[in-house]
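Me: I have a structure to go through with you, with attention to its pockets and its aromatic side chains. Please reason briefly and end each reply on what I ask for.

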Amino acid sequence: MALAQVERVRAELAARHPGIRTEVVPVTTSGDRWQGDLAKLGGKGAFTKEVDAALLAGEADLAVHCVKDVPADRPLPAGTVFAAYLTRDDIRDALIDPAGRTLDQLPPGTRIGTSSVRRVAQLTAAYPELVPVPMRGNANRRLEKLEAGEADALLLAVSGLERIGMAHRISQVLGVDEMCPPIGAGVLALQCREGDAEVIDVVSGLGDPATWREMTAERMFLHVLQGHCNSPIAGYAKAERDGRLSLWGRVFSPDGKTVLDAHEWAGPLDPATLGTSVAVALLRQGAREVIDAIPH
């Protein structure tokens with residue numbers, strides 16, 4: 001998955017800067033190696049800290065991240081900056097069922113592989129007869145585990161399956177009203193050293209202005225909520241062609257029995273202010289109490 005994402009960036013750089021030479025520097029993160037509870041590794045930062053270290057040490061000049069894996073409750077490591085957000089891919093989740101069924105067609109007791117607290121909360125609320133089973137690893141690895149019988153079906157991101165050429169395995173694409181996506185869904189971010197003006201200048205042209213506005217709103221939303229890796233928080237921003245920006249945010253209890261919703265349009269608000277406003281609306285509904293009650 002990570003290599004597929006890097007190849008997309010290399011291809012876009014080559015198209016924009018013919019003759020540019022790039023070299024892939026593979027980094028295996030703690031999150032890749034660890035198959036247990038992410039909270040014991042410090043949460044989502046387990047997927048980024050080794051990459052951050054390589055960037056700051058000068059071992060790499062550019063890091064490619066899935067925004068959904070980058071913590072928003074704290075700033076980026078000092079000395080680094082996001083130079084661009086690539087055009088957003090599909091933000092939806094998908095069901096992978098070997099028999100080609102939809103969630104409505106799965107019999108009671110069907111084991112659904114996912115370790116996402118966001119997915120578990122929404123699945124449990126809508127389909128209490130189905131059984132979520134913990135499953136870590138990248139999309140390729142989870143598909144292998146499905147084949148090995150560790151689950152009867154999987155929930156995975158549409159964009160991830162498309163990146164590895166496995167979209168044909170999808171039996172149902174879930175609408176955002178059925179499975180609200182994680183903050184930063186479908187977006188790749190390009191991270192550079194803050195003072196590396198040459199690299200920033202080269203890669204910033206790959207950025208999409210609409211995606212930048214969406215990510216600014218979404219990450220501020222998550223930052224204000226100060227959720228942890230066991231917090232079922234979901235939502236997405238949408239930039240319209242006429243310049244308007246909206247943000248839908250949701251906070252769940254792990255069992256899906258408590259669902260808090262907020263949706264606002266930016267109007268005159270800048271993206272960061274919109275993110276703050278939606279987060280505050282959820283805090284007024286009791287989001288702080290819901291989040292703090294979840295062990296982590």
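Me: Which elements each supply at least two residues of the lining of the second largest pocket, and which one gives the most?
Reply: This is a predicted model. In it, two elements, β2 (80-85) and α8 (209-225), each supply at least two residues of that lining. With six residues, the element that gives the most is α8.

Me: How do the residues of that lining divide by character?
Reply: The second largest pocket has a volume of about 320 Å³. Its lining consists of 14 residues, and those nearest the centre are Leu76, Phe82, Tyr85, Arg219 and Met220. By character, the lining residues are two charged, three polar and nine nonpolar.

Me: Which residue forms one aromatic cluster with Phe82 and Tyr85?
Reply: Phe82 and Tyr85 are among the residues nearest the centre of the second largest pocket. Their aromatic cluster is completed by Trp212.

Me: What is the geometry of the aromatic pair of Tyr236 and Trp248?
Reply: The structure holds three aromatic pairs. In the one formed by Tyr236 and Trp248, the ring centres are 5.7 Å apart and the planes make an angle of 80 degrees. Planes over 60 degrees apart count as edge-to-face, so this pair is edge-to-face.

Me: Where in the chain do these two residues sit, and are they buried or exposed?
Reply: Tyr236 is in strand β9 (residues 233-239) and Trp248 in strand β10 (residues 245-252), twelve residues apart. The pair thus links distant parts of the chain. Both Tyr236 and Trp248 are buried.

How values were computed. Residues are numbered from 1 along each chain as its sequence is written. This is a predicted model: local features need pLDDT of at least 70, side-chain atom pairs count only at pLDDT 80 or more; totals for chains, interfaces and linings use all residues. Side-chain values use heavy atoms; hydrogens and water are left out. Rings of Phe, Tyr and Trp (its six-membered ring) pair if their centres lie within 6.5 Å; planes under 30 degrees apart count as stacked, over 60 as edge-to-face and the rest as tilted. Helices (H or I, at least four residues) and strands (E, at least two) are DSSP runs, numbered from the N terminus. Buried means under 20% relative accessible area, exposed over 50%, partly exposed in between (1.4 Å probe, protein chains only). On a 1 Å grid over the protein atoms alone, a cavity is a set of points where a 1.4 Å probe fits but cannot get out, and a pocket is an open set with protein on both sides within 12 Å along at least five of seven lines; lining residues have an atom within 4 Å of a point. Grid points are joined across faces, edges and corners, and a volume is the space filled by probe spheres set on the points. Ala, Val, Leu, Ile, Met, Phe, Trp, Tyr, Cys and Pro count as nonpolar, Asp, Glu, Lys and Arg as charged, and the others, Gly among them, as polar.
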